[in-house]
Amino acid sequence: YPCEVIRNFSIIAHIDHGKSTLADRYVKQLLLTNTITKKDKGLNQQVLDKLKVERERGITVKAQTASMFHEKDGTNYLLNLIDTPGHVDFSWEVARSLAACQGALLLVDASQGVQAQSISVFHVAREKGLTIIPVLNKIDLPAAQPEIVALQMQSTFGLDPSDVIQISAKTGKGVEKVLQAIVNRIPPPVGDPSAPLKGFLFDSSYDRYRGVISLMSIQGGVLRKGDKIASCHTRKKYEVTELGIMHPEEVPTDCLRPGQVGFVACSMKESGEAHIGDTFHRVGQLVEPMPGFKPAKAMASVYAGIYPVDSSDFLKLEESIKRLSLTDRSVEVTRETSSALGQGCRLGFLGTLHMDVFRQRLEDEYDANVIITAPTVPYQIVHRDGKTSLISNPTEFPDPSEFASGGRVRAVLEPIVKASIIVPEKYFSAMMDLCFEHRGTDLDWQPMEAPGQADGGEAMSNRVFMSVTLPLAEIVTGFFDKLKSRSSGFASFDYEDAGYQKGDLRKMTFLLNHKPVDALALIVHAKAVDETGRYWVEKLFKIIPRQLFEVPIQAAVGNTIIARRTLSALRADVTAGLYGGHYERKLKHLQNQKESKRKMKRVGRIDLPQEAFFDLLSSK
Ligand code: GDP
Ligand code: MG
């Protein structure tokens, strides 16, 4: 396969606009028409969304790659589809997957129109200089308004409406045309097979038996089994043991040629060796590394502590976390110790969905039983001497006394984001209220649709594009759900980092039986202290099972108690109170007790359920 017959492309879209369905259709076609040697994977399941969590949640977490063949005018083309995740938490993964492509299909739902993430992914693709093929999906829906949405694409992206391809990923209508457009419009990758080898590592995963499996895009030269290669970044040397294309499962080939993307297994054993964005060359044949190599690290926006329910499982848990974080390099891992929970890890995630997906994978794939603490954003502490430091755990947050004159802290800065919301005019004031409730500033808006384009039905007419600055802490929990419910599902949302800004913040601690529980600490805005304190004390009061002794539950800022409830002592025999009750009722009571035992963490003398840490805190 010479370069001229290779096309590397991605599908980019707002969530739910049909990316997986389209990718899936191509992959199924592939499975039907090609002599795929692997056993039938079950054509009805979403092949690209491989992981169980992804299937359950209907989102794509991990970018996947598939190669397919397409014949046109007697020439056989190799089309490499690089799948990208479809959630705002994972926009960093989108950017890096696009680095291996020359073109992108911009998929827009013909019944929903251009949405917030359509715009952000478009800009990422544009910045990378990719050829963009506009595709309107779901034209089979009665609510589809292809002409109106094509005009939206023109006014928002400056795309020519006559370039827009109308398809239904569901029925298959028009999807052939898209393949032709890929061949005709997207330029082939450039790369010289006789040049020195240059391989760009854009993704990696871990295999228990073979070690690290890298996904590489070959930019020059030919990579073969047995080749000795080295990393530009680490200078470490490896021997290639296996390589091939994703078809969509791994299919070994003899070599990978310029322009191709494929998997590479080499003698890479260690977690930290595969650096996304690294360039590989032949040993003894130096090349200029690919530009823009940053030891690719997305900025984590949410941190949480993960602890084993049973403290003696710590080493096993740590090992599982390391393995799993290798398949997801955007997770940051460090050890930490909590006086309440013992030895654990502090993990940094791209967002709360990312965190939740990671936790679920840990439980599904590694059979881990964990306690996860409340998510927190990173804060920047400006010290009196002008130095700054970042903290990722509320317990490191300065006490009120440290802010006082003569104290060591001058200010605390919190991360902020620039958010964009697209919403029908009808819900505009509800969205404004939501933003102000969450400390929004610099709110601005403009109409989305050009005049005369107003007749797009409820979802698409008279929409407003809003931009607003929000503290990141305000959107990591619950914000998205509120946005959706207060707009009857019509609002779409996206955001990007906008640096740090001074915040009037306090550390809230919770005391059980007069002892502070470090793992429950929270950072709260000064104005929300009273309400938040009362809210959590009430919640803790409801979910902490009564103990054999009285337990005061208190929220405090510094030495000031904000709220208090007291759990009264429980009598030794739980069923004793159910006098005259039926046997079943007693049994049920005992069963409930057993259920709630399942995930209890003993803190001091008190059993705390998981909900005391994360489930509870995320619901606010
Ligand atoms: P993604 O988030 O972009 O990957 O979107 P999915 O591929 O998961 O699709 C979201 C939903 O839209 C699913 O329920 C699909 O069945 C549905 N869908 C996708 N394409 C079409 C289409 O062409 N027509 C119709 N009617 N539904 C579609
Ligand atoms: Mg998807």
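Two strands are said to pair if DSSP finds at least two bridges between them. The exercises below apply this to a predicted model.

**Exercise 1.** Determine how strands β16 and β19 run relative to each other, and place them in their sheet.

*Solution.* Begin with the bridges: three of them link strand β16 (residues 302-308) and β19, and the sense of the pairing is antiparallel. One of the contacts can be named, since Val370 in β19 is the bridge partner of Pro308. Next, widen the view to the open sheet, in which four strands follow the order β17-β18-β16-β19 with antiparallel pairing. Strands β17 (332-338) and β19 (370-372) form the edges, each of them pairing on one side only, and from one strand to the next the twist averages 30 degrees. Finally, look at what lies against this sheet: helix α8 (residues 352-366) packs on it and touches β16, β18 (342-349) and β19, while the direction of the helix makes about 170 degrees with that of β19.

**Exercise 2.** Find which strands pair with β15, and which residue of β15 serves as bridge partner to Gly199.

*Solution.* Take strand β7 (residues 198-207) to start with, which pairs with strand β15 (residues 279-282) in the antiparallel sense over two bridges. Strand β10 (residues 228-231) is also antiparallel to β15, and here three bridges make the join. Now go down to single residues: the bridge partner of Gly199 in β15 is Phe280, and Phe280 is likewise the bridge partner of Ser231.

**Exercise 3.** Identify the residues that touch the most other members of the largest nonpolar core, and trace the surroundings of Leu362.

*Solution.* The largest nonpolar core has 50 residues, among which Leu362, Ile421 and Met466 touch the most other members. Strand β22 (residues 409-424) supplies the largest share of this core, namely six residues. A second core, separate from this one, holds 36 residues, including Leu98, Cys101, Val108 and Phe157. Turning to Leu362, and setting aside neighbours within four places in sequence, one finds contacts with Ile306, Leu317, Ser320, Ile321, Leu324, Asp367, Ala368 and Val370. As general background, nonpolar side chains in soluble globular proteins tend to be buried together.

**Exercise 4.** Decide whether Ile381 is buried or exposed, and describe its surroundings.

*Solution.* Ile381 belongs to strand β20 (residues 379-383). Its relative accessible area is 2%, and because buried means under 20%, Ile381 counts as buried. Beyond residues up to four places away in sequence, Ile381 touches Lys387, Thr388, Ser389, Ile391, Pro398, Val409, Ala411 and Val412. Ile371 lies 10 residues from Ile381 along the chain, and the C-alpha atoms of the two are separated by 28 Å.

**Exercise 5.** Summarise the protein chain as a whole, and say where the pLDDT falls below 50.

*Solution.* The protein chain has 16 helices and 32 strands, and 55% of its 620 residues count as buried. Among contacts with a separation of 6 or more, 71% join residues 24 or more positions apart. The accessible surface comes to about 27300 Å², and carbon and sulfur atoms account for 50% of this. As for confidence, the pLDDT of the protein chain averages 84, with 83% of the residues scoring at least 70. Below 50 are residues 35-46, a stretch with 15 contacts beyond near neighbours in sequence, and residues 293-297, a stretch with 14 such contacts. Where pLDDT is low, the predicted coordinates should not be read in detail. For the complex, the predictor gives an ipTM of 0.99 and a pTM of 0.76.

Methods
Residues are numbered from 1 along each chain as its sequence is written. Chains are lettered from A and ligands numbered from 1 in the order in which they are written. This is a predicted model: local features need pLDDT of at least 70, side-chain atom pairs count only at pLDDT 80 or more; totals for chains, interfaces and linings use all residues. Side-chain values use heavy atoms; hydrogens and water are left out. A nonpolar core is a set of buried Ala, Val, Leu, Ile, Met, Phe, Trp, Tyr and Cys residues joined through side-chain atoms within 4.5 Å. Buried means under 20% relative accessible area, exposed over 50%, partly exposed in between (1.4 Å probe, protein chains only). Contact means heavy atoms within 4.5 Å. Axes are lines fitted to C-alpha atoms, for helices over the stretch in contact, and angles run from 0 to 180 degrees between N-to-C directions. Accessible areas come from the Shrake-Rupley method with a 1.4 Å probe; for residues, only the protein chains shown count as cover. pLDDT is the predictor's confidence in each residue, from 0 to 100.
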